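Let's talk through this fold. Have a look at the model first, then we'll go over it.

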Amino acid sequence: MENSANATPRMSTKKLVMMGLLVALTVVLTYMLSFTTAFLRVSFGFIPVATAGMLFGPIGGLAVATLADLIGATIFFGAPNPGLAVTAALTGLVYGLFLSRKDVSRRSIVLCQAIIMVVLHLIYNSIVLDFISPYTFWANMPLRAVRSLVLFPVQVFILMKLVDYRPVFERLVR
């Protein structure tokens, strides 16, 4: 008989299937149901990633975001960009760090989305796009900043509603 102290916690099949569905939903929302230009994308692909972070913690959010980025980029572009894959992974990690606690405040939701929007999407992604896009960092920045300012309150509102419905999502995963 195996000692329970030495046993590693395992993820249930139901949770793995749920994470797989969140990966698929992220790919669809990010790559198929989005508005995309050469250096700008507007989508709701953050919702399943935030849900994964909320339900499965930082590692679950990181895994869902990374797999969705790698699969989506491979299917739609032929090969993923490592710099953008890092952004996706860190986004899932940040959602997990902020949203996986039971008592998520509105302030932490705003801080979480601000970190993701400003540090990861606005600054880091613009630097990565500077290397792969014909447009320079400063040429990309004004439109990306306007996009961030417009989408920030929308995304914060959606995250607040997502956290409000957390008990419903947790019942689905149990």
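Q: How many helices and strands does the chain have?
A: This is a predicted model, so local features need pLDDT of at least 70 and side-chain atom pairs pLDDT 80 or more, while totals for chains, interfaces and linings use all residues. Residues are numbered from 1 along each chain as its sequence is written, and side-chain values use heavy atoms, leaving out hydrogens and water. Elements here are DSSP runs numbered from the N terminus: helices are H or I with at least four residues, strands E with at least two. Read along the sequence, the pattern is α-β-β-α-α-α-α-α, and the chain has six helices and two strands.

Q: Which element gives the most residues to the nonpolar patch?
A: Val-28, Met-32, Leu-33, Leu-67, Ile-71, Ile-75, Phe-76 and Phe-77 form this surface patch; members have over 30% relative accessible area and no salt bridge (Lys or Arg side-chain nitrogen within 4 Å of an Asp or Glu carboxyl oxygen), and nonpolar side chains (Val, Leu, Ile, Met, Phe, Trp, Tyr) are joined within 5 Å. The elements giving two or more residues are α1 (13-32) and α2 (46-77). With five residues, the top contributor is α2.

Q: Is Phe-76 buried, partly exposed or exposed?
A: Phe-76 lies in helix α2. Buried means under 20% relative accessible area, exposed over 50%, and partly exposed in between (1.4 Å probe, protein chains only). At 37%, Phe-76 is partly exposed.

Q: What covers the buried residues of α1?
A: Those buried residues include Met-19, Leu-22 and Val-23. With contact meaning heavy atoms within 4.5 Å, their cover includes β2 (41-42) and α2.

Key. Patches are made of residues with over 30% relative accessible area and no salt bridge: like charges are joined within 9 Å, nonpolar side chains (Val, Leu, Ile, Met, Phe, Trp, Tyr) within 5 Å. Accessible areas come from the Shrake-Rupley method with a 1.4 Å probe; for residues, only the protein chains shown count as cover.
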